[in-house]
Every structure is written in structure tokens, then in C-alpha cells.
Amino acid sequence: MAPHDLRRPFKRPAISDQQRRRELSLQRQSQNRRDAQQQARCLADTVLSLQNDAAELETEPDIEPEGGEAREVINDVRQAAKLRGPEARRWFAKQLMLPEWMIDVPHRLNTDWYVFARPSGKRCFVVSSNGTTVSRLRNGTMLHRFPSALPNGSRCGNSSRSGQSYCILDCIFHEPDQTYYVIDLVCWGGMSMYECTAEFRFFWLNSKLVETEACNGPSTYHKYRFSMVPVFNCDEDGLKTAYAGSMPYVKDGLLFYNKLAHYQSGNTPLALIWKDDNCSQYVCDTDGKGQVPDQQQVVLELLADGRLATSDEPPLILGCLNEDFIQKTRLQAGNLLRFAIGEGGLILVDGKLEKADLHYLGKPNRGRAFADSYSKVMFQHTVRHSPLKIEHLLASISSSNEEENRTSDTDMVD
Amino acid sequence: MTMEVTQVLLSAQSVDSTLRKHAEETLKQFQEKNLPGFLFSLSGELASEEKPVESRKLAGLVLKNALDAKEQNRKYELVQRWLSLEASVKSQIKACLLQTLSSPVSDARSTASQVIAKVAGIELPHKQWPELIGSLLSNIHQAAFHVKQATLETLGYICEEVSPDVVDQDQVNKILTAVVQGMNADEGTTEVRLAATRALYNALGFAQANFSNDMERDYIMRVVCEATLSPEVKIRQAAFECLVSIGSTYYDKLSPYIQDIFNITSKAVREDQEPVALQAIEFWSSICDEEIDILEEYGGDFTADSDVPCYYFIKQALSALVPLLLETLLKQEEDQDQDEGAWNLAMAGGTCLGLVTRAVGDDIVPLVMPFIEENITKGDWRQREAATYAFGSILEGPSPDKLTPIVNVALSFMLTALTKDPNSHVKDTTAWTLGRIFEFLHDSTMVTPIITLTNCQQIITVLLQSMNDTPNVAEKACGALYFLAQGYEDVGSTSPLAPYFQEIVRSLLNVTHREDASESRLRTAAYETLNEVVRCSTDETAHLLLELVQVLMTELHKTVGAQKLSSDEREKQNELQGLLCGCLQVIIQKLGASESTKYAFMQFSDQIMNLFLQVFACRSATVHEEAMLAIGALAYAVGPNFAKYMPDFYKYLEMGLQNFEEYQVCAVTVGVVGDICRALEDMVLSFCDGIMTQLLKDLSSNQLHRSVKPPIFSCFGDIALAIGDNFEKYLMYSMPMLQSAAELSARPSGFDDEMLEYTNLLRNGILEAYSGIFQGFKNSPKTQLLIPYVPNILQFLDSIYMEKDMDDVVMKTAIGVLGDLADTLGSTAGSLIQQSLASKDFLNECLSSEDHLIKESAEWARMAINRAISV
């Protein structure tokens with residue numbers, strides 16, 4: 001029986017960082033588990049209150065989802081399916097991801113981005129739930145209500161899925177072949193795709209859509225055909241194919257999606273649209289008669305203090321109306337107004353739009369839900385003066401290829 | 001049936017390895033083919049005076065190893081084998097053992113003592129060998145001192161081996177009497193007295209009743225105190241060990257003796273040899289431990305029903321104890337900072353001073369300050385170091401009000417000393433003291449902060465500069481920076497460290513690359529500090545974290561390339577990979593926690609995952625715990641995108657779940673399964689067959705550490721919540737397991753806190769599983785599959801409610817299960833719910849709980865139940 005060791009820790013903190021890492025992990029995991037449970041319970045709650053008290057819902061106009069709260073969004077969509085009239089329009093209008101117009105070529109276009117030809121037609125949100133499918137335009141108005149082969153999209157016998165199973169697709173309805181071209185996936189089979197990267201959403205869309213037979217031709221329980229859009233890596237070949245290759249639909253410009261971007265409601269610089277005369281009939285905005293006006297026109301929102309704002313968050317101010325004018329024309333804050341850009345043009349400071357020479361034309365047609373965004377104003381401006389051409393895009397791809405080679409060389413020296 | 005084993009046993013100790021291996025093989029075969037003969041031969045060998053001492057000793061050791069093993073399953077097996085031997089064989093072996101206690105050869109006696117204790121450890125709990133204690137006690141009355149000595153040693157070993165409740169009080173009394181008499185200075189030899197004193201150390205745990213009797217206690221205490229004055233140093237040391245043990249075991253009985261003990265211990269600290277002096281200091285350290293525990297438990301708020309009152313022995317002894325400890329601080333050894341095994345008077349005294357400070361708080365400050373002021377500027381490094389150590393020791397315990405003014409004065413002195421003091425020992429202690437200042441007095445929420453915009457830059461400059469100092473000083477500087485960063489944990493959106501972030505990170509990375517970074521655990525300290533700096537960083541520096549990710553990935557990449565490593569190199573590689581994965585884990589968790597930074601991080605996820613997979617591939621049979629933790633954080637950050645990694649990752653996940661030996665790895669992997677379930681939701685389905693199989697195997701194994709079982713149950717819940725009614729096919733396997741675990745945990749066995757804590761963890765895991773399963777089946781047409789389990793689940797809830805021993809976490813989860821059950825099954829379960837106690841008394845109790853989480857769950861349950869029974 002030797003004496004017992006009585007050494008104590010000397011000049012040492014009592015807890016090891018490894019133990020701390022374990023504990024912090026466990027904390028995070030149990031917090032996440034609690035959240036998941038809580039969400040499951042809330043979901044049940046909402047569905048119940050919906051059934052019991054649908055009227056109450058219509059008095060709740062401020063349903064505004066955040067990208068991060070995927071479950072909440074799902075909830076809200078389920079609720080919103082019950083919304084009627086202007087509330088419904090306002091809600092759906094906010095859900096679509098709106099690409100900015102491409103005014104500069106983004107970095108790493110060839111590695112980080114997808115490109116595809118945008119089908120010409122009406123951008124809409126297609127929701128399948130409770131045995132029916134509804135498509136709504138960007139301004140929230142309903143386009144079609146129809147049966148479809150999407151999960152829970154019709155009342156036909158083979159849809160054994162539960163009430164939670166529903167889909168939300170981001171589509172363009174192409175009139176000539178009466179087809180919904182799916183350009184993005186928001187929700188599939190009850191599972192939110194908001195927090196997934198574009199890369200994953202496209203992958204999932206590709207594998208799931210075909211399974212459902214939604215790509216088949218019209219039948220009793222499937223009124224409109226759905227179709228995938230061919231998506232390419234934005235390298236030289238991909239860009240050329242999207243731009244010049246033949247597609248089963250009429251093109252309206254090119255869409256660029258950042259591969260890692262999540263689905264985000266509203267304007268985002270991680271999805272971009274670009275057009276020229278070769279790939280779009282609508283490069284320049286047209287007026288009510290379908291004519292391209294002599295001067296560029298913009299639609300801006302009137303703020304309470306008379307300033308004129310774009311639809312960006314935060315908005316950009318392009319000018320101001322004086323009080324007399326507002327009173328005389330009986331305009332109100334929140335009105336959308338159409339202006340022509342006069343000889344003064346756009347005033348740029350350090351490449352940023354500071355002011356515009358605005359001439360009031362009147363109100364735009366009532367279907368408009370939003371003012372123009374900064375990027376749209378700028379794109380329309382450059383189209384008229386010094387357009388960003390396909391050659392520029394191709395050049396940027398080949399130059400970043402070179403750059404890449406160069407960096408990998410230095411890596412090897414290290 | 002015996003065999004001539006002498007030659008084999010001698011060969012087994014040969015220098016010739018062929019001979020040795022052959023002998024070991026022979027012994028092994030003998031043991032396997034004929035266990036009784038084997039054991040009997042060994043005991044005969046040990047008992048025989050004709051045999052050489054070497055073979056006798058080894059015979060005893062082999063015998064001992066045939067009775068006991070460290071590993072639990074092996075131990076159980078050996079015990080069963082012994083118990084199933086024929087009684088006659090056992091009694092012959094035992095006779096040989098007892099006979100050996102009288103051998104003139106001391107090695108033989110001492111080996112026999114240990115073997116007897118092992119046999120006693122097996123047999124006494126089974127009420128076998130009742131005559132053992134009696135025959136040992138009769139040995140004591142023999143004249144031969146060497147027999148007395150061996151017998152006392154045996155009694156000591158037995159007390160160490162068996163638990164007090166298997167020996168009845170009458171025998172305990174006799175053992176104690178024999179032992180205490182053996183310690184008596186008037187009798188016997190030094191060897192006898194030493195053996196008796198050491199035996200008492202082990203027997204103290206048996207003396208509960210005797211310590212409650214004033215006379216018996218007085219007697220034992222007197223003998224122990226006398227033994228501390230023995231002329232023999234080993235006896236004094238052993239006697240002080242007894243005092244230390246009495247101090248913690250019988251704290252509440254010490255009052256009458258504390259003054260004497262103080263006199264004895266202070267004399268020993270000042271005058272006796274180091275091993276004795278160290279035990280004397282340890283006595284006071286352990287009294288501090290007791291009082292700190294008591295004060296923490298009751299928060300200084302004593303009522304009549306407190307279990308153990310605080311006697312404030314330290315407070316009473318303070319004015320004499322502090323000078324005694326301060327003296328020891330001056331007795332440093334030259335190189336103690338470089339020697340990991342060092343333990344000397346200065347270290348023990350300093351440690352004790354820190355404990356005293358925690359026990360008394362503010363009162364210590366005026367007693368120590370004069371010593372610091374007098375010595376801190378002296379020419380002799382010992383005085384400067386002792387003063388600095390004293391200062392570092394009194395920082396934990398006193399109120400910030402008391403310390404802040406002093407620290408404000410001392411801080412710039414310390415910073416200067418850390419850069420300018422010529423002595424490395426002083427610098428080491430100075431850096432450590434700075435760390436203690438930041439640990440206990442620096443916090444972004446303090447009203448009068450000690451770190452201000454004015455001195456922040458200087459502090460950082462000095463610490464970063466010290467990272468180039470000797471490894472032990474650099475390690476302490478890292479530690480100081482760790483706590484400096486930690487103080488800004490709740491700083492909000494702007495951190496005063498942000499401007500220096502890049503420089504700090506660069507310096508820490510430089511430290512990790514130092515040639516001598518493996519000394520004084522410097523590399524580890526640097527990475528740990530980096531982790532804390534990352535954890536406490538703000539969004540301002542998120543972009544720099546992205547750069548750091550790339551640096552760490554490059555480093556990790558370098559480690560996975562190496563091939564054909566020696567075992568030493570492999571260990572180093574493993575350690576470095578652990579540190580790098582740990583740091584990446586912290587960063588992933590940090591960046592993954594907010595939407596904006598998560599997005600930016602995603603560009604690296606493919607590469608990082610690929611690296612983690614390569615780290616796994618570096619090992620053949622096990623997965624790396626740190627890499628596994630990091631992958632959990634990654635799954636949380638990337639969400640459903642994690643699906644694409646699953647095909648490659650799955651085999652390692654399975655490997656982790658199969659790792660019974662390193663149960664931490666298994667536990668961590670179970671947690672990662674939960675992360676993956678939440679990330680992939682129903683996409684995890686295709687992997688579930690494999691995962692569930694493995695989890696069920698884990699639960700059925702008695703090899704797996706029990707702490708992993710509760711998280712496995714919780715994991716069932718995670719899986720069910722993710723895959724919904726697809727969990728159907730696992731119900732028939734998982735439900736019976738949950739049910740039998742529930743039955744077991746409804747009535748905990750034993751009363752100790754540890755068991756109760758485990759029982760509550762187990763209950764919580766089971767309940768989380770039920771919650772997940774019910775919620776997973778919500779709105780499914782298959783809910784009726786759950787109906788058969790409802791009565792048992794409700795019964796489980798009722799019985800844990802009746803036991804009245806669940807903690808708040810279990811309460812919250814339990815009432816939540818009731819809600820989930822009602823919510824998913826609705827009116828189908830309405831009448832069953834109404835019959836349960838849980839839906840009435842338990843629910844009401846939860847509804848009126850002060851814990852808002854319990855209340856919230858209860859509100860949910862009430863709503864769901866109302867709905868279920870109203871339809």
C-alpha cells in the first residue's frame with residue numbers, strides 16, 4: 001500500500017476545451033431538437049386554428065415570411081391558400097424571388113453560376129395542395145385553378161399523400177404550348193426548399209418532377225403539362241448553348257442563378273436577368289400600345305414626403321415631387337407613377353445612380369404591383385446607350401479562366 | 001491435478017523472449033484447460049517455502065489476475081468462474097493463501113495479502129468465507145511480528161476491496177481494534193505499525209459507527225495524532241494520510257480536534273520532510289474542498305435542516321494558516337514549470353492558498369497584500385515569483401469590489417514583468433496571473449471594467465509578444481488570451497478585440513507552427529485559444545473567419561497526405577487532426593448560427609466535408625471524434641444540402657455507432673445522427689434501416705457505456721420526427737425497448753444522486769423518443785398503429801409522477817408527451833387519457849409550475865387534451 005497520489009491541477013483551468021466543445025455541441029443539438037418539436041407542435045396548432053376559425057385569418061394581412069424560418073413559410077403558405085381577394089394577392093406578390101437586371105458581370109460567373117434561357121411568358125407561383133393546383137401571377141392574381149399530377153394537386157385516387165404534402169413551384173406559363181416551365185422549386189412534398197442552394201433545388205426538382213408524371217401531356221386529372229428548363233453551368237459552352245441553342249420555347253432573355261444562393265423572396269443580386277435582341281423580343285420596355293417609346297420610362301413609388309423611390313430594399317430615391325403638384329394631381333403615398341427620363345438622363349456619381357431627369361407621365365396600368373428596381377432602371381438605360389453584350393459575358397468567362405490558372409500556379413509554388 | 005509450474009513461472013520471467021512467450025502460452029493453456037488445477041497449483045507454489053521467491057511471487061500475481069480485471073465484462077466473467085469452482089478446491093486454495101501469511105519471505109506474504117483481498121472481494125458479498133476475518137484476527141495475537149504485519153496489510157487490502165455493508169459491525173469493531181492497537185507505539189516493530197497505519201487508512205470508511213461514539217472517536221484520533229509524531233517518516237506520512245481522509249469523511253466530527261490538528265500540521269509543514277509536509281498541506285486543502293462544497297450547496301444560507309453545517313474551520317484558522325502557506329510559496333524548485341510531474345511544497349501551498357481564498361472570500365485580501373507588496377520587487381526571483389503566485393491565488397473568491405482597485409494598480413506592473421522580468425519562472429507565473437485576472441474579473445458586462453480602450457492594445461501586444469517566449473510561458477500567455485476573449489462573450493455587435501482579430505489569429509497560428517510547440521502542451525493551448533477567440537468574435541470579423549477556414553483546411557489537407565507513419569507519428573497526426581477539426585467545428589458552428597455568414601461559408605462545405613472524410617480514412621477501425629463533432633455542426637449549417645454527402649459519409653457514421661470501446665465517439669455519433677435527421681428530414685429515410693439497426697444493437701449491448709443510452713432514445717425521436725409514419729417499420733423493435741427501459745427507469749434502484757441523475761437522463765431520452773414518434777405520425781392515416789402502446793406510455797407518465805423524483809427537464813418533456821399523444825391520436829385516445837393521473841394532477845402541477853418551459857408544455861398539453869376529449 002503505497003502512499004496515495006495527492007497532486008492537484010496546478011496553474012490549469014479546470015475544464016478542457018474539448019469537453020467544452022462536446023458540451024456546446026450537445027447544447028446546440030438539444031436546442032435544435034426542442035425547436036424541431038416546437039415547430040411540429042405549432043404546425044399542428046395552425047392547421048387546427050385554420051379549420052376552426054378561418055374567418056380570423058382574413059383579418060391578418062401582415063403575413064410576411066422570413067427566408068430563415070422555413071417552417072413558418074410552409075405554415076404561411078398553408079394559411080395563404082385560404083386567403084381571399086386583395087390579401088391573397090398581396091401575400092403571393094411577395095413570395096417570388098425577383099432577379100436583378102445584370103448591369104455588371106458578376107465574379108466567378110463560370111464557376112459559381114448557372115445559366116438558362118428564360119421562357120417567354122407569365123411568371124407565376126404554382127401551389128398544389130388539398131387536391132387542387134392554383135397558379136398566381138406575380139401581382140397575386142390567379143391565372144389558373146386546375147388538377148395536376150403534382151403531389152396533392154388533384155383529387156384523383158392515386159394521391160394517397162397526407163394533408164401536409166403540397167408543392168410550391170416557381171414557373172413561367174408559356175402560352176404557345178400551354179406549358180408550365182418550372183424555373184425553380186420552393187417547396188416539394190411539404191418540404192421547404194427555401195434554405196437549400198440553387199444547386200440542390202435544381203437537383204431535387206429534376207429527380208422529383210419526373211416521378212410525378214407532371215411532365216406528361218394533359219389528361220383528366222392533369223390539365224397542363226409541366227416541363228423542366230435546361231439549366232447549364234455558366235461556362236463558355238453553357239452560355240453559348242443557352243444563348244444560341246434551340247429551346248422548345250420562345251426565349252425571353254437569359255437567367256443566371258448563383259449555385260449557392262437560397263431561395264429568397266423579393267429582389268436578389270444572386271439571380272440575374274440579362275437580355276439582348278437576339279434572345280428576347282422585349283429588351284426595351286414597351287408602352288401600353290406595345291411600342292418602344294423614344295425616351296426611357298420608369299415606374300416609381302411615391303413616398304409620404306413626396307420622394308420617388310425604386311422597389312429596392314432599402315429604396316433608392318430618384319427624385320421628388322413638390323406638394324402643390326401632388327395636391328393638384330391628387331396623388332397619394334404608395335401610388336406607383338410612370339415617368340419619362342428627359343434629356344438630363346441619369347446622373348451617375350462614382351458609378352452609382354444619384355438622380356434622374358424625371359418627367360411625370362401618369363399612373364401605370366393597374367396590374368403593376370411594384371415600382372422598378374434600381375437594376376432595371378440601369379439596365380434599360382445601358383440598353384439605350386452602351387449595352388452589356390454577349391461578347392462581354394463570354395470575355396469575362398475566358399478571362400476568369402485565365403485568372404484561375406494563374407492562382408493555381410501560385411498555389412503550387414507555396 | 002497439480003502441475004509442476006515452477007519452471008514455467010521462472011521461464012515466464014526470462015530475458016529470452018522466445019522462452020518467455022512459450023512459458024506464457026503454456027500458462028494460458030493450463031488456465032483454459034483446467035482452471036481448478038491451474039489455480040490450485042499456483043496457490044501451492046505461492047505457499048511452498050521450498051520454491052524460489054521469484055516463482056512464488058509470479059504465482060501470486062497470476063492468481064490475482066485470474067480473479068480480477070479492469071475491464072468490467074472480463075471481471076464479471078472471472079468472478080463467475082471462481083464462484084462456480086468446487087468448494088473443496090476453493091477451500092484448499094484459501095488455506096494455502098492464509099498459510100502464506102506466516103511465511104518468512106516478505107514478498108510471498110505481501111503477494112498473498114493481495115490475493116486474499118481479491119478472494120474476499122468476491123466471496124464476502126455472497127456471504128461466503130465467513131471465517132476469514134476471525135482467522136485473520138487470531139493471527140494478530142501471534143507473537144511473530146512478520147505475521148502481524150502481513151495480517152494487518154491483508155485487513156487493509158480487504159477494506160479497500162469490499163464495501164462496508166458486507167462486513168457486520170461486530171467484525172468492523174474487531175478489525176478497528178486490531179488495527180488501532182497495531183498502531184500503538186508501545187507494541188511491535190516499525191513494520192507492524194506502518195502496516196497498521198496504512199490499514200487504518202482503508203478501514204476509515206468502515207468506521208461510521210465508531211466515529212459517532214465520542215470515546216471510540218477520541219481514541220482513534222489520539223492514536224492517529226500520535227502516529228504523526230512517530231520517529232519513522234513513512235509512519236508519519238501514512239498517519240497524515242489518515243488525517244486527510246478523516247478530514248473529508250468525518251468533517252462534521254472534527255471540531256474538538258481542529259486546534260490540535262492545526263498545531264500538528266503547521267509543525268509538519270515547517271519542519272518535516274517534504275512527503276509528510278505535503279500531506280499536512282493536503283489536510284487543509286481537503287477541508288477547503290469540504291467547506292467550498294457546503295457553501296456552494298447552501299449558498300451560505302443555513303437552516304436547521306441543512307445536512308451538513310459549515311463549521312468555518314478555515315475562517316477560524318485563517319490568520320495562522322495564511323502566513324504558513326505564504327512561507328511555502330518561497331520554496332520553489334528551479335525547473336518545476338518544465339516538469340509535468342512536479343509536485344512540491346510551493347505548489348501544494350499555493351494551490352491550498354487558492355482554495356482557502358475560495359472558502360473565505362474577501363477576508364483573505366488584507367492578509368496576503370502585505371506579502372505581495374513586500375516581495376514583488378525583490379531581487380531574488382523566488383520572492384518575486386512567490387508574490388506573484390500569491391496574487392494569482394487570491395483572485396477567485398473575493399468580490400470584484402474588493403479586487404478591482406488592486407488589479408487596476410497591479411495590471412500594468414504585471415504587463416511589464418511579463419516582458420521584462422529576467423526570470424522565466426516569474427514570467428510563467430505572471431502570465432498565469434494575468435489569465436486569472438481575466439478569468440475572474442474581466443467581463444464585458446462589468447460596471448467598472450479592468451480592460452479599457454486605453455490599456456487593451458498594450459495587453460494584447462504584451463500577450464502576443466509572450467507567445468514567442470519559452471513554451472511554458474507562451475502556453476500561459478495563450479491561456480490569458482483565452483480568458484481575455486471569453487470576457488467579451490456577451491459584448492454585443494462590436495468587440496474591442498475586432499481591430500486586433502487578424503493579428504491575434506496570425507500570432508496563434510504562428511505558435512502552432514513553432515518547432516517546440518509540443519512542449520508544455522503549447523500547440524493545444526494555441527488552438528484552444530483560437531477556438532475561444534472565434535467563439536467570442538462578432539459579425540465584424542466574420543469575413544476573417546472565412547479566411548481562417550481556408551488556412552485550417554490547408555493545414556488539415558497537409559495532415560491527410562502523410563503515408564506509412566510510425567506509431568509515434570500517427571499519434572501526432574491524430575492529435576493535430578483533432579485540434580484542426582475542433583477548430584473548424586467551432587468556426588462552422590459560429591458561421592452556421594446566422595443566415596448571412598452561413599451563406600458565405602457554404603462555398604467551402606464540399607471541400608471541408610471531403611477533408612473530414614479523408615481524416616476518417618486515416619484510421620482503419622475507428623472514426624475521429626473531433627471530425628464527427630465537426631460534421632454535426634456542418635450538417636446543421638448546410639441543412640438539406642447535406643444529402644449529397646451521405647453516400648460517402650454513411651460508412652463512417654455506422655463505424656462511429658459501432659464504437660463501443662471509445663464510448664465518447666459513439667455518443668458524439670448518435671448526436672450527429674440527430675443533426676442529420678433535422679437537416680435532411682425525410683431524405684434521411686434511405687439510411688434509416690442501417691442507422692436503426694445499429695442503434696438497436698447499441699441498446700442491446702452490455703458493453704456500451706450506459707451514458708450513451710439516453711441519447712440513443714432521443715435519437716429515435718429525431719428519426720421519427722424526420723421520416724414521419726415511415727417509422728412504422730421500426731415500431732415493433734423500438735417500442736418494446738422503450739417500454740422495458742421505461743419500466744426500469746420508473747422505479748430507480750438505489751438512492752444515490754448519481755443514479756437518480758442517470759435515471760432522469762434515461763427518462764428524458766425515452767420521453768423524447770415518444771414525443772418524436774407521436775409528432776412524426778401526426779396527420780398520418782396510420783396513427784392507429786400507436787394505439788396499442790398508449791396504455792403503457794400513460795402508465796409510465798403516471799408512475800414517474802408518483803415517484804416524485806423527476807427533475808424539471810423530465811417534467812417538461814413528460815407533459816409534452818401527453819400533449820403529443822393527445823394531439824396525434826385525438827378522440828381515439830380520449831378516454832384512456834381521461835383515466836390517467838397524468839392528465840389531471842400532473843397536468844395541474846405543471847400548469848402552476850414556475851418554470852416557464854414546463855408551463856408552456858403544459859399549456860400545449862391542456863389544449864391538445866381538451867381537443868381530444870371534446871370531439
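## Confidence of the model

In chain A, confidence peaks in strand β2 (residues 113-119), at a mean pLDDT of 94, and is lowest in helix α2 (residues 54-58), at a mean of 32. Here pLDDT is the predictor's confidence in each residue, from 0 to 100, while helices (H or I, at least four residues) and strands (E, at least two) are DSSP runs numbered from the N terminus. The structure is a predicted model, in which local features need pLDDT of at least 70 and side-chain atom pairs count only at pLDDT 80 or more, whereas totals for chains, interfaces and linings use all residues. Residues are numbered from 1 along each chain as its sequence is written, chains are lettered from A and ligands numbered from 1 in the order in which they are written, and side-chain values use heavy atoms, with hydrogens and water left out.

Over the whole of chain A the mean pLDDT is 77, and 77% of the residues reach 70 or more. Two segments of chain A stay under 50: residues 43-74 and residues 408-414. For residues 43-74 the model has 51 contacts (heavy atoms within 4.5 Å) beyond four places in sequence. For residues 408-414 it has zero contacts of that kind.

## Overall composition of chain A

Chain A contains 10 helices and 17 strands. Of its 414 residues, 50% are buried, where buried means under 20% relative accessible area, exposed over 50%, and partly exposed in between (1.4 Å probe, protein chains only). The accessible surface of chain A is about 20,400 Å², and carbon and sulfur atoms account for 47% of it; these areas come from the Shrake-Rupley method with a 1.4 Å probe, and for residues only the protein chains shown count as cover. Among contacts between residues at least 6 apart in the sequence of chain A, 65% join residues at least 24 apart.

## Strand pairing in chain A

An open sheet of five strands in chain A follows the order β1-β12-β11-β2-β10, with mixed pairing. Its edge strands are β1 (97-101) and β10 (232-233), each of which pairs on one side only; two strands pair if DSSP finds at least two bridges between them. Within this sheet, β2(A) and β11 (residues 251-258) of chain A are antiparallel and share six bridges. W113(A) stands opposite N258(A) in β11(A).

Strand β4 (residues 132-137) of chain A is mostly covered, with six of its six residues buried. Both of its faces are covered: T132(A), V134(A) and R136(A) lie on one side, and T133(A), S135(A) and L137(A) on the other. β4(A) runs antiparallel to β3 (residues 122-129) of chain A through six bridges, and antiparallel to β5 (residues 142-146) of chain A through four. T133(A) is the bridge partner of S128(A) and also of F146(A) in β5(A). β3(A) and β4(A) form a hairpin with two residues between them, and N130(A) in the turn has a positive phi of about 50°.

## Helix α3 and residue E123 of chain B

Helix α3 (residues 35-47) of chain B has 13 residues, which at 1.5 Å a residue should span 18 Å, and its end C-alpha atoms are 18 Å apart, in agreement; the expected span is 1.5 Å times one less than the number of residues. Of the 13 residues of α3(B), 11 are buried, among them L35(B), F38(B), F40(B) and E45(B). The cover over these buried residues includes α1 (6-11), α2 (17-33), α4 (53-65), α5 (72-83), α6 (87-100) and α7 of chain B. At the start of α3(B), a side-chain oxygen of N34(B) reaches to within 3.0 Å of the backbone nitrogen of G37(B).

E123(B) lies in helix α7 (residues 106-123) of chain B and counts as buried because its relative accessibility is 0%. Its side chain makes a polar contact with that of K94(B) (2.6 Å); such a contact is a pair of N or O atoms within 3.5 Å, and within protein one must be able to donate a hydrogen and the other to accept it, with residues adjacent in sequence counting only if both atoms are side-chain atoms. Not counting residues up to four places away in sequence, E123(B) touches W82(B), K90(B), K94(B), Q128(B) and W129(B).

## Positive phi in loops of chain B

Most residues other than glycine have a negative phi. R521(B) has a positive phi, near 40°, in the loop between α25 (501-512) and α26 (522-535) of chain B. R521(B) is partly exposed, with a relative accessible area of 30%.

K804(B) also has a positive phi, near 60°, and lies in the loop between α38 (790-803) and α39 (808-825) of chain B. K804(B) counts as exposed, at 54% relative accessibility.
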